[in-house]
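Work through the following exercises with the sequence and the coordinates at hand. Each one sets a task and then solves it step by step.

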Amino acid sequence: MGPHFPPMAQINLSDVREKTLDNLTMNHNTSIASPSKEVRLTQNAALTSLVLLIVLCLAWEWSWAPLKPGGSWLALKALPLVFAVPGLLRRRLYTYRWLSLVVWLYFIEGVVRAYSDTGDQARLATLETTLSVLLFMACAGHVRARFKASLLATETSPSPDTPNTPNTSTSSQAQLTRPQAQQLIDQLKSIVGQEHVLMAPLDLSAYEQDWRKRAQGRALCVVRPALTAEVSQVVRACASFGVSIVPQGGNTGLVVGSIPDESGEQVLLSMQRMKAIRAVHTDNLSIEVEAGCVLAQLQEAALQAGLFFPLSLGSEGSCTIGGNLSTNAGGTQVLRYGNARDLCLGLEVVLANGEVWNGLSGLRKDNTGYDLKNLFIGSEGTLGIITAASLKLFPKPKSTLTAWAALEDLQGCVKLLGLAHEKLGAGLSGFEVMNQYSLGLVQKHFPALQAPFQEFPWCALLELSDNESTEHAQTQLIELLELAMEQGIVKNATVAENLTKAAQLWHIRESITLAQAQEGLNIKHDISLSASSIPAFVAQTERELCDLIPGVRLVNFGHLGDGNLHYNVQSPMQMDSAQFLRDFEQKVNDVVHRNVFALGGSISAEHGIGSLKVDTLPFYKDPQALSLMRRIKESLDPQLTLNPGRVIRMSDPSLDRP
Ligand code: FAD
Ligand code: 2HG
Ligand code: ZN
């Protein structure tokens, strides 16, 4: 019996694109936003009551009672409140704390005068007491919300998976005095231009929050250079003050690596303005681009030149090639073309002291010593700032076909992968798997996206890139699916009949992350194992987690072709997701990482370490490797000012696994 290819459901792509865009711009996720929402709400409440109190002080003492002896002098009591306004705007915690103490003086004064004065004066005094109480409540609420937000991202128990912490501060970080900070900011403005040094809280907020809304930092400022020479000068200026720099591309990273810490003393270096395509070398099959170039624009530039750049991620509309290289991103084409590292021919990098290394040769072979570019790739901004890259391009495949298959179990998916390798050879360019629950989430949050065969426990998405013809590709893919069905591996299958249908299938797969974000805060694992040991890992881990947390929801999907599974864990239906993280994140991480380790795997296949996993890494990485990493970091960044607290802690080697 041949495979049955039912017609694909209609998907309204424009609807979905709108939703996707909303999510990628990070502003519309209600369930995930609760801690930062509370922070903003209390900040606004504090600002409003503070301004009202200032107006009251001035109006009452000065304009409304100018004749009262000493009235205008009493207006001076508004001064400390006026000075507190910038602190509240910049969310300086100590201003909130200070105000919540000082405001009692206004309260007491209000109470005393409410009793001693009469008429309008007494009423105004009552208003003063009310505003004081409101201001106190808002300030105290803000401090509490900030504490809650930091708890969400911080764990304290001394287990391998201790501190999912966004706190990147290190002892190396400079404590700037106010004049020093001003001096640095003035220098930065003179380098990149006043309008490209952002300081206003509203301008900073998108840069200070990570995509998953797991952490919120505070930058001294955001600097947006446009040239490599400007990046170099910015780095030099920061280095001269001992101020650390956090590089940021599209801020789509999933491990809290591209936002500043809470100190308010780090400079956030945004690469967004450095987005030029410098040159396309069609004869050399290569392209030279600046680091801030958005991945989708790079793909488009390659297509315009009649070629193909294969790196492909769900975030490609926002992430930058600099971020992709710094995280050594994977995505859905790794099986055939490799990850970001494999696609890179050369780099231009600004080093920690501001020097520029130009390694953009574009050569495919160069054995003249250490491969320096590979030090910077995957280093998550801790060794240098990537400013440009030379990348491989490929001829566009003649035909690309996509199939969706339904399977009973993960073991079947592994068998199908083996069969696909055997029958399609190098033509197999993608092999993804998704469990039923992850597809259910997509359907729930994006009803326009109807996945085929959702009743089956697992689905696989296969892509064949063929260099002969569409007919050749179809024959090959259909033969593969027929064979898999004859062998009982595949239960049902469909082949997308055109590119639009294929894009729709891929869109379903790539919407899982967004659907999960809509569902609420969750625990992500990006594990690497040999593909054949993934079923055993999943079976064992599922058993342990279901015992530990009855009703836990497992969102399992990923790049089976690369042995890379996203083993994501969502709270039981009725449990608050923030509470779930507080109670279970560490325990869940322990189970998952222990099982990965036991099978010889890695705790990060493609997303990196960031600050979410920096204190977990020492328990699962070879101590010798950690020691080498520290030595490399020390020699390339002796002041430890490049993205400190990410990838590797320098301060506490005793954390390393014995
Ligand atoms: P950012 O998030 O801005 O930064 C990431 C890290 O790189 C930080 O440590 C930052 O300091 C550093 N950095 C950024 N630019 C530079 C630079 N120029 N020089 C030095 N350091 C720099 N990842 C995958 O691997 N595969 C996927 O399939 C995938 N799918 C995703 C789907 C969605 C919906 C989302 C939200 C994310 C996905 N990601 C995926 C994660 C993320 O998109 C990648 O890690 C991406 O490479 C980050 O690029 P970015 O420009 O956003 O970098
Ligand atoms: C993907 O493969 C990304 O879609 C994101 O790597 C994975 O959401 C995740 O955990
Ligand atoms: Zn992935």
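## Exercise 1: the shell around ligand 1

With helices (H or I, at least four residues) and strands (E, at least two) taken as DSSP runs numbered from the N terminus, the helix α11 gives the largest share of the shell around ligand 1, namely five residues. The model is predicted, so local features need pLDDT of at least 70 and side-chain atom pairs count only at pLDDT 80 or more, while totals for chains, interfaces and linings use all residues. Residues are numbered from 1 along each chain as its sequence is written, chains are lettered from A and ligands numbered from 1 in the order in which they are written, and side-chain values use heavy atoms, with hydrogens and water left out.

**Task.** Determine which residues come nearest to ligand 1 and which polar contacts they make.

**Solution.**

Step 1. A residue is near a molecule if one of its heavy atoms lies within 4 Å of it; of the 35 residues around ligand 1, Pro247, Gly249, Thr252, Ser315 and Thr320 come nearest.

Step 2. Polar contacts are pairs of N or O atoms within 3.5 Å, where a pair within protein must join a possible hydrogen donor to an acceptor, and residues adjacent in sequence count only if both atoms are side-chain atoms. Oxygen atoms of ligand 1 lie 2.7 Å from a backbone N or O atom of Gly249, 2.6 Å from a side-chain N or O atom of Ser315 and 2.7 Å from one of Thr320.

Step 3. By the Shrake-Rupley method with a 1.4 Å probe, where for residues only the protein chains shown count as cover, the protein covers 97% of the 970 Å² of accessible area that ligand 1 has on its own.

Step 4. The elements that give two or more residues to this shell are β3 (245-248), α11 (321-327) and β10 (385-392).

Step 5. Counting Ala, Val, Leu, Ile, Met, Phe, Trp, Tyr, Cys and Pro as nonpolar, Asp, Glu, Lys and Arg as charged, and the others, Gly among them, as polar, the shell around ligand 1 divides into 10 nonpolar, 23 polar and two charged residues.

## Exercise 2: the setting of Thr320

**Task.** Where is Thr320 found, and what does it touch?

**Solution.**

Step 1. Thr320 is found in the loop between β7 (307-308) and α11.

Step 2. Its relative accessible area is 4%, so Thr320 is buried, a class that means under 20%, with exposed over 50% and partly exposed in between (1.4 Å probe, protein chains only).

Step 3. A contact means heavy atoms within 4.5 Å; not counting residues up to four places away in sequence, Thr320 touches Gly249, Gly250, Ala291, Gly292, Cys293, Val294 and Leu295.

Step 4. A polar side-chain atom of Thr320 also lies 3.1 Å from the backbone nitrogen of Gly323.

## Exercise 3: the zinc ion and ligand 2

**Task.** Identify which residues coordinate the zinc ion (ligand 3) and where they sit along the chain.

**Solution.**

Step 1. Donors are N, O and S atoms within 2.8 Å of the metal (3.2 Å for Na, K and Ca), and sites may look incomplete since water is not among the atoms. His559 (NE2), His566 (NE2) and Glu606 (OE) coordinate the zinc ion at 1.8 to 2.1 Å.

Step 2. Along the chain these donors follow the spacing H-x6-H-x39-E. His559 in strand β18 (residues 553-559) and Glu606 in the loop between α20 (577-598) and α21 (617-620) are 47 residues apart, a pair that links distant parts of the chain.

Step 3. Both His559 and Glu606 are buried.

Step 4. The residues surrounding ligand 2 include His559, His566 and Glu606. Oxygen atoms of ligand 2 lie 2.7 Å from polar side-chain atoms of Thr513, Lys524 and His607. The protein covers 88% of the 300 Å² of accessible area that ligand 2 has on its own.

Step 5. At least two residues of this shell come from each of β18 and β19 (564-570), and its classes are two nonpolar, five polar and three charged residues.

## Exercise 4: positive phi

**Task.** Where do Val256 and Phe453 lie, and are they buried or exposed?

**Solution.**

Step 1. Val256, with phi near 50°, is found in the loop between β3 and β4 (266-270), and counts as buried at 2% relative accessibility.

Step 2. Phe453, which has a positive phi of about 55° although it is not a glycine, has its place in the loop between α15 (436-445) and β14 (458-466) and counts as buried at 9% relative accessibility.
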